[in-house]
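Here is a friendly tour of side-chain contacts and backbone details. Please keep the structure open as you read.

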Amino acid sequence: MRGRTGRAAAVCAALGVLWWATVRLAWAGVGCEDWGCLVPAVGVVVVISLALLAGSALALERVAVRPGRRVALTAAGMLVVFRLAGESLPSWTSSLADAAVAGAVFAGAGALAAFVTEAGASRRRRVWTALAVAALLPVALVTSLTRHGL
């Protein structure tokens, strides 16, 4: 199981850094300086994200993390939760830190997805993992409210 989880984490980390780099380049290419270009810019980010989601399913299959599609979709769901929870964290100006965080978050989502989609994973393990990931949202909300107030 550890090998499968590690392979999923490595693939997802690489894809996370690739996602960060392509989104950054696309956003710079759009040159969004006013609200009128927000829809196309976000559309490009969505297209890139969906393409990398499809690519992650294939990449996971190549490194014997099966079923790749299921692991990729589970990781994508976890990434949405991680992204929402990450809104409560302070930001920084370093691009290198952004790339490292993207890789780490994608790796964590991939590892957790591989863990819960393991063939022998019990329903109990899946439920507890889902609850732990979902618990990040109220914790992030409380953190944000504590830091910034209502």
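## Salt bridges, core and backbone

E87 and R83 are both exposed. Their side chains meet in a salt bridge, with 2.7 Å from N to O. Please bear in mind that this is a predicted model. The structure holds 3 salt bridges, and the table sets them out.

| Salt bridge | N to O distance | Accessibility |
|---|---|---|
| E87 and R83 | 2.7 Å | E87 exposed, R83 exposed |
| E118 and R4 | 3.5 Å | E118 buried, R4 buried |
| R66 and E61 | 3.1 Å | R66 partly exposed at 48%, E61 partly exposed at 28% |

Which parts of the chain does the bridge between E118 and R4 tie together? E118 sits in the loop between α4 and α5 (123-134), while R4 belongs to helix α1, so this pair connects parts that are 114 residues apart in sequence. Both E118 and R4 are buried.

The bridge between R66 and E61 leads us to some backbone details. R66 has a relative accessibility of 48% and therefore counts as partly exposed; E61, at 28%, is partly exposed as well. The peptide bond that runs from R66 to P67 is cis, and its omega is near -5°. P67 is found in the loop between α2 and α3. A64 lies in the loop between α2 and α3 too. Although A64 is not a glycine, it has a positive phi of about 65°. Some background helps here: most residues other than glycine have a negative phi, and most peptide bonds are trans. A64 is partly exposed, with 36% relative accessible area.

Now let us turn to the interior. The largest nonpolar core has 25 residues, and those touching the most other members are L60, V65, M78 and A109. Which elements give two or more residues to this core? They are α1 (2-30), α2 (38-62), α3 (68-86) and α4 (95-116). Helix α3 supplies the largest share, 7 residues. Where does the core lie with respect to the domains? It lies between domain 1 (1-89) and domain 2 (93-149), because both of them give residues to it.

M78 deserves a look of its own. Leaving aside residues up to four places away in sequence, M78 touches A109, L112, A113, V116, T129 and V133. A109 is thus a contact of M78, and A109 and M78 both appear among the core residues that touch the most other members.

Aromatic side chains come next. The count comes to 1 aromatic pair. It is formed by W19 and F106, whose rings are tilted, with 5.8 Å centre to centre and 35° between the planes. The pair links distant parts of the chain, since W19 is in helix α1 and F106 in helix α4, 87 residues apart. Are the two partners buried or exposed? W19 counts as partly exposed, with a relative accessibility of 24%, whereas F106 counts as buried at 17%. The cut-off explains this split: buried means under 20% relative accessible area.

One more ring is worth a stop on this tour. R125 lies over the face of F115, and its distance from the ring centre is 4.3 Å.

How values were computed: Residues are numbered from 1 along each chain as its sequence is written. This is a predicted model: local features need pLDDT of at least 70, side-chain atom pairs count only at pLDDT 80 or more; totals for chains, interfaces and linings use all residues. Side-chain values use heavy atoms; hydrogens and water are left out. A nonpolar core is a set of buried Ala, Val, Leu, Ile, Met, Phe, Trp, Tyr and Cys residues joined through side-chain atoms within 4.5 Å. Buried means under 20% relative accessible area, exposed over 50%, partly exposed in between (1.4 Å probe, protein chains only). Helices (H or I, at least four residues) and strands (E, at least two) are DSSP runs, numbered from the N terminus. Domain bounds come from an automatic or database domain assignment. Contact means heavy atoms within 4.5 Å. Rings of Phe, Tyr and Trp (its six-membered ring) pair if their centres lie within 6.5 Å; planes under 30 degrees apart count as stacked, over 60 as edge-to-face and the rest as tilted. A charge sits over a ring if NZ of Lys or CZ of Arg is within 6 Å of the ring centre and within 35 degrees of the ring normal. A salt bridge is a side-chain nitrogen of Lys or Arg within 4 Å of a carboxyl oxygen of Asp or Glu.
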